[in-house]
Amino acid sequence: MGKPAPAFALEDLNGKKVTLDSYKGKAVLINFWATWCGPCKIETPWLIDLRNKYAGQGFEILGISAEADDLKEDDKAGWAKDKAAIAKFVSEEKVPYPILINGDSITQAYGGFDAMPTSFFVDRNGTVVAAQMGITSASDIEVNIKKALGE
């Protein structure tokens with residue numbers, strides 16, 4: 001809280017590198033989640049609605065999958081299975097925001113956490129202005145989006 005969000009570069013489902021720096025000037029919700037996480041499934045429709053509501057004001061969500069708990073970098077079959085599960089979820093839920101993989105590689109930079117989902121709200125200057133561990137409510141998420149937007 002009150003510190004710059006740790007920088008990262010992760011791949012999206014198409015293998016394209018996405019960096020947090022590329023969202024400089026936008027308010028960003030960094031959402032760590034997994035397809036096996038029940039509360040994450042409840043939260044996803046709220047995130048989609050809120051993203052659509054605030055996107056025009058310079059807001060974006062980066063969904064960071066923490067799916068691959070114990071996968072080694074060279075486990076091609078494991079990563080393929082992981083990506084397939086994520087892609088299926090994204091397609092079924094019609095997720096409009098970027099989904100990045102191998103989130104486990106950056107969880108320590110964000111303080112490590114036990115609860116899923118975990119979200120960090122980053123303002124336009126790259127500073128973490130709020131964090132939520134575990135499921136809350138759509139209205140709590142919206143309050144923190146407004147904080148990130150500077151409202």
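This is a short dialogue about reading helix α1, its surroundings and the salt bridges in a predicted model.

Trainee: Let's start with helix α1. How many residues does α1 have, and what distance does α1 reach from its first C-alpha to its last?

Mentor: Compare the end-to-end reach with the expected value. Here α1 has 17 residues and reaches 25 Å, close to the 24 Å expected at 1.5 Å a residue. There's a kink too: about 30 degrees at T44, shortly before the proline P45.

Trainee: Which residues of α1 are buried?

Mentor: Look for low accessibility; buried means under 20% relative accessible area. In α1 that gives C40, E43, T44, L47, I48, L50, R51 and Y54. The cover over them includes β3, β4, α2, β6 and α3.

Trainee: E43 is on that list. What is the nearest side chain of opposite charge to E43, and how far away is it?

Mentor: With a charged residue, look for a partner. E43 has no salt bridge although it is buried, and K41, the nearest side chain of opposite charge, is 13 Å away. Leaving aside residues up to four places away in sequence, E43 touches N31, P117, S119, I135 and I141.

Trainee: How many salt bridges does the structure hold?

Mentor: Three. One joins E60 and R51 at 3.0 Å, N to O, and both of these residues are buried. Another joins E142 and K53 at 2.7 Å, N to O. E142 sits in helix α3 and K53 in helix α1, so this pair ties together parts that are 89 residues apart in sequence. There's also E92 with K88, at 3.2 Å, N to O; both lie in helix α2, four residues apart, about one turn of the helix.

Trainee: Is K88 buried or exposed, and why?

Mentor: K88 counts as exposed because its relative accessibility is 54%, and the cut-off for exposed is over 50%. E142, at 16%, counts as buried.

Trainee: Now the core. Which residues have the most contacts inside the largest nonpolar core?

Mentor: In soluble globular proteins, nonpolar side chains tend to be buried together. The largest nonpolar core here has 45 residues, and F8, I30, Y110 and I145 have the most contacts inside it. Strand β3 gives the largest share, six residues. I30 touches, among others, F8, L62, Y110 and F120.

Trainee: Where does W33 lie, by the way?

Mentor: In strand β3. W33 counts as buried because its relative accessibility is 4%. Sequence distance and space distance can be read side by side: W33 and G63 are 30 residues apart in sequence and 7.0 Å apart in space, C-alpha to C-alpha.

Conventions:
Residues are numbered from 1 along each chain as its sequence is written. This is a predicted model: local features need pLDDT of at least 70, side-chain atom pairs count only at pLDDT 80 or more; totals for chains, interfaces and linings use all residues. Side-chain values use heavy atoms; hydrogens and water are left out. Buried means under 20% relative accessible area, exposed over 50%, partly exposed in between (1.4 Å probe, protein chains only). Lys and Arg count as positive and Asp and Glu as negative; His and the chain ends are not counted. A salt bridge is a side-chain nitrogen of Lys or Arg within 4 Å of a carboxyl oxygen of Asp or Glu. Contact means heavy atoms within 4.5 Å. A nonpolar core is a set of buried Ala, Val, Leu, Ile, Met, Phe, Trp, Tyr and Cys residues joined through side-chain atoms within 4.5 Å. Helices (H or I, at least four residues) and strands (E, at least two) are DSSP runs, numbered from the N terminus. The expected span of a helix is 1.5 Å times one less than its number of residues. The bend at a residue is the angle between axes fitted to the seven residues ending there and the seven starting there.
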